[in-house]
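Let's take a walk through this protein together. Keep the structure open beside you and turn it as you read.

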Amino acid sequence: MFTEYDVIVVGAGHAGCEAAHAAATMGSKVMLITMNMMTIAQMSCNPAMGGIAKGQIVREIDALGGMSGIVSDKSMIQFRMLNKSKGPAMWSPRTQNDRMQFAQYWREALEANPNVDMWQDMVTQLLVENNRIVGVKTGIGQEIRSKSVVLTNGTFLNGLIHIGEKRFGGGRTAEKAATGITEQLIELGFESGRMKTGTPPRLDGRTINYSILEEQKGDEIPGKFSYIPSHNIKEQKSCFITYTNKDVHEILETGFEKSPMFTGRIKGVGPRYCPSIEDKINRFSERDRHQIFVEPEGWNTVEVYVNGFSTSLPEDVQYKALKQIKGFENIKMFRPGYAIEYDYFPPTQLNLTLETKLFENLYFAGQINGTTGYEEAAGQGLIAGINASRKTNDLAPLVLKRSEAYIGVLIDDLINKGTDEPYRMFTSRAEYRILLRQDNADLRLSKIGYEIGLASKERLDLVYQKIKGIKTLTNDLKHKKIDPVNINSSLERIGSSPIKEKTSVFQLLKRPELNTEKILQLDSSLKGYLSKYDKEVIEQAEINTIYESYIEKEQKLVEKVEHLENYIIKENFDYRKIKALSSEAMEKLSITRPKTIGQATRISGVSPADISVIMVYLGR
């Protein structure tokens, strides 16, 4: 019934969809196996993509040739660029999405790819021969053979749902858990753990009094994720903000004795940066209120997502507490919030390619690696799919450096530091974040995407066109001089020092109180000066000008640090022979097995002194 595939992808969430699309687009024959064809690319939690640091990941996926950005743009109902009051390294795009359209467009993209086959079933076992993975076995007994397997099981591995004192097996609400894989992997020598996440109740928007809530509109001129010409939104839906209060907190506290979090029934560790509402009022008891975002689920539905009210309390307690929130006095609830526990596998058991160290041709991506969030999962899925495809064709793997992409930071953190709580990406995790901005992901990664056969020639041509525009505009900024007579009075009016001689726009842009738009407003002779340039080119040239010294400093730091990546450590290197190493470093290095000195420096517990000892031992 089945031919042998190049790549089998298990699970069709964000990681699975990107893995299948990437491998298939690069020419591999892919089988995507999911327990339910109707929930492909389902947004299990909030109907949104991007956000702080996560928006950078979506842009990087798009630049490499992935689909998350395009699908997000097509299903967008609101766009906001977050952190605009801060420097450009912090700017992060975010979309509110139509949940049903998002899944629909992803499925259409997969079905349009002739190299993707799909099968609805549960994978219960991996097929192993000679310490290599050669396929999978499904719940109904089908054996499907392949050259590689990518596991993207999300929250389904022995998933257990909690609502108050009730608990039942499930990977998501109304969907059964996946069994068999964890047990087999443990038998094969893998280490596993348990994690926990949660989701809020869904409400009937017809019963919300929006008139007394704080409206949160999208950007006046909405942007998008994808760098290629795609859907431009003409209308946006608003989100709204409300708050909990003391009455809400008191009602929630009445359910604490039945809370699986406080009674010890939940053993898994939850996400530090997305705590449940009961966790928030317990940990921050001094606060009288917590912010709640009221987010629409789509264009043609009244269902509403209550961001900030994740909970596993009994459903009657949830309902009573919600009715005390401003605007929710007459609320009706479609379904209660719940917590879910699931199995994960500490990612220190992986190589930087996301292939497991124990077995060849087996890749892990997404929440199975201990991460949380659609974007982190999609980024891992993309890299796993790329590397599974390249290995079947005997090609060198793709490993993104920390200085090249947030995706590189994400994977490097997971492999070298591991995680014992759901990992979430932040801009603070990237030491080169001035280089890794959301605006330049195409300049950083599109050439790589094209060279591996994922990004199209159209993308690369757009990048070269953009680079040419940036160089031309930057040159113009350096040569365009402004006369003191034309601008000094305007500069003084805004508190900026006057100029004594003709000064280039390039030099004026280095003043923190100025940007191109303000300079054009201050000097009427510059009217129409930038009309021949695209908005993206102007933004890029302006950022490069303003942060020129910072960018140069960071690039020099990259060069200084990356020479350590050239010092290769042999795979069978025995760290226990080096008696001068600390016992912790000896243990961590023996487990992680870094490929280079650079990678070794990023392993938690390995000190600079340990690195010096290793380099001396290697004759460096």
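Begin in the loop between β7 (123-129) and β8 (132-138), where you will find N130. This is a predicted model, and in it N130 has a positive phi of about 55° although it is not a glycine. That is worth pausing over: most residues other than glycine have a negative phi. Is N130 buried or exposed? With a relative accessible area of 74%, N130 is exposed, since the cut-off for that word is over 50%.

A similar case turns up in another loop. N83 sits between β4 (76-82) and β5 (92-97), and its phi, near 65°, is again positive in a residue other than glycine.

Now follow the chain from N130 into strand β8, where T138 is found. Here the surroundings are of another kind: T138 has a relative accessible area of 2% and is therefore buried, the limit for that being under 20%. Which residues does T138 touch, leaving aside those up to four places away in sequence? They are W119, D121, M122, V123, T124 and I144. With D121 there is also a polar contact between the side chains, at 2.6 Å.

Further along comes a hairpin. Strand β10 (residues 160-163) and strand β11 (residues 166-169) run antiparallel and are joined by four bridges. If you look across from I161, you will see F168 of β11 standing opposite. Two residues lie between the strands of this hairpin, and G164 takes a positive phi near 60° there.

Next, move on to an open sheet of six strands. Read across the sheet, the order is β14-β15-β16-β17-β13-β18, and the pairing is antiparallel. Why do β14 (214-216) and β18 (333-335) each have one side without a neighbour in the sheet? They stand at the edges, each with a single partner strand, so nothing in the sheet flanks the other side. From one strand to the next, the twist averages 35°. At the β14 edge, the partner is strand β15 (residues 239-243), and three bridges hold this antiparallel pair. Within the pair, Q216 stands opposite C239 of β15. As you inspect any of these strands, a general rule is handy: in a regular strand the side chains alternate between the two faces of the sheet.

From β15, step forward to helix α6 (residues 246-253). The N-terminal end of α6 is capped by N245, with a side-chain oxygen of N245 lying 3.0 Å from the backbone nitrogen of D247. Which residues of α6 are buried? They are V248, H249 and L252. Viewed down the axis of α6, these buried residues fall within an arc of 95°, so they line one face of the helix. The helical repeat helps to picture this: an α-helix has 3.6 residues a turn, so residues three or four places apart point the same way. The buried residues of α6 pack against α8 (277-283) and α9 (315-322).

Finally, zoom out to the whole protein. Its secondary structure comes to 21 helices and 22 strands, and the C-alpha trace spans about 80 × 70 × 55 Å along its principal axes. A compact globule of 620 residues would have a radius of gyration near 25 Å, and the 26 Å of this protein agrees with that. Of the 620 residues, 57% are buried. Among contacts with a separation of 6 or more, 72% are between residues 24 or more positions apart.

Key:
Residues are numbered from 1 along each chain as its sequence is written. Side-chain values use heavy atoms; hydrogens and water are left out. Two strands pair if DSSP finds at least two bridges between them. Axes are lines fitted to C-alpha atoms, for helices over the stretch in contact, and angles run from 0 to 180 degrees between N-to-C directions. Buried means under 20% relative accessible area, exposed over 50%, partly exposed in between (1.4 Å probe, protein chains only). The arc is that of the directions from the helix axis to the C-beta atoms. Contact means heavy atoms within 4.5 Å. A polar contact is a pair of N or O atoms within 3.5 Å; within protein, one must be able to donate a hydrogen and the other to accept it, and residues adjacent in sequence count only if both atoms are side-chain atoms. The radius of gyration is taken over C-alpha atoms; the globule rule is 2.2 Å times the number of residues to the power 0.38.
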